[in-house]
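Colleague: I'm new to reading protein models, so could we go through this one together? Let's pull it up and take it a bit at a time.

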Amino acid sequence: TGAERDQFDEQRERFRSGGANVGTRAFLVGMAACDENGNRLFRPDDLIALGKKSMAALDRVFDVACRLNGIGLKAVEDAEKN
């Protein structure tokens, strides 16, 4: 939702300004991964550990999260076509 995207942007800034070493991939996956009821699978405290997981696996989930949430250069290019 738009509200969740705002929350994503706001929390990302909080993480950056707070000095937490959370990468973009772990942060987005942590915000986007949810169960069938829409409940997030990861808490903010889980994100650093999530970033230490397999790069290949994290990349696959990150790419899907970007595609489904309209994030990234491809999403911008696709939006410009419409």
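Colleague: Which residue forms a salt bridge with Asp59?

Modeller: Keep in mind that this is a predicted model. To count as a salt bridge, a side-chain nitrogen of Lys or Arg has to be within 4 Å of a carboxyl oxygen of Asp or Glu. For Asp59, the closest N and O atoms are 2.5 Å apart, and the partner is Arg25.

Colleague: How many residues apart in sequence are the parts that this pair ties together?

Modeller: Look at where the two ends sit: Asp59 is in helix H4, while Arg25 is in helix H2. So the pair links parts of the chain whose separation in sequence is 34 residues.

Colleague: Is Arg25 exposed or partly exposed?

Modeller: Exposed needs over 50% relative accessible area, and buried needs under 20%. Arg25 comes out at 37%, so it counts as partly exposed.

Colleague: How many salt bridges turn up in the whole structure?

Modeller: We've met the one between Asp59 and Arg25. Arg43 and Asp46 also form one, with their closest N and O atoms 3.3 Å apart. Searching the whole structure gives a count of two.

Colleague: Is Arg43 exposed or partly exposed?

Modeller: The cut-off for exposed is over 50%. Arg43 has 54% relative accessibility, so it counts as exposed.

Colleague: Now for the inside. Which element gives the most residues to the largest nonpolar core?

Modeller: In soluble globular proteins, nonpolar side chains tend to be buried together. The largest core here has 14 residues, and Val22, Phe27, Leu28, Leu47 and Leu50 touch the most other members. H1, H2, helix H3 (47–51) and H4 each give two or more residues to this core. The top contributor, with five residues, is H2.

Colleague: Leaving aside neighbours within four places in sequence, which residues is Leu47 in contact with?

Modeller: Leu47 is one of the core residues that touch the most other members. With those sequence neighbours set aside, its contacts are Phe15, Val22, Ala26, Phe27, Gly30 and Phe42.

Colleague: What about empty space: which element gives the largest share of the largest pocket's lining?

Modeller: That pocket has a volume of about 390 Å³. It's lined by 17 residues, and the closest to its centre are Thr1, Glu4, Met31, Ala32 and Asn69. Helix H1 (2–17), helix H2 (24–32) and helix H4 (55–69) each give two or more residues to the lining. The largest share, five residues, comes from H4.

Colleague: And by class, how many of the lining residues are nonpolar?

Modeller: The lining has three polar and three charged residues. The nonpolar count is 11.

Key
Residues are numbered from 1 along each chain as its sequence is written. This is a predicted model: local features need pLDDT of at least 70, side-chain atom pairs count only at pLDDT 80 or more; totals for chains, interfaces and linings use all residues. Side-chain values use heavy atoms; hydrogens and water are left out. On a 1 Å grid over the protein atoms alone, a cavity is a set of points where a 1.4 Å probe fits but cannot get out, and a pocket is an open set with protein on both sides within 12 Å along at least five of seven lines; lining residues have an atom within 4 Å of a point. Grid points are joined across faces, edges and corners, and a volume is the space filled by probe spheres set on the points. Helices (H or I, at least four residues) and strands (E, at least two) are DSSP runs, numbered from the N terminus. Ala, Val, Leu, Ile, Met, Phe, Trp, Tyr, Cys and Pro count as nonpolar, Asp, Glu, Lys and Arg as charged, and the others, Gly among them, as polar. A nonpolar core is a set of buried Ala, Val, Leu, Ile, Met, Phe, Trp, Tyr and Cys residues joined through side-chain atoms within 4.5 Å. Buried means under 20% relative accessible area, exposed over 50%, partly exposed in between (1.4 Å probe, protein chains only). Contact means heavy atoms within 4.5 Å.
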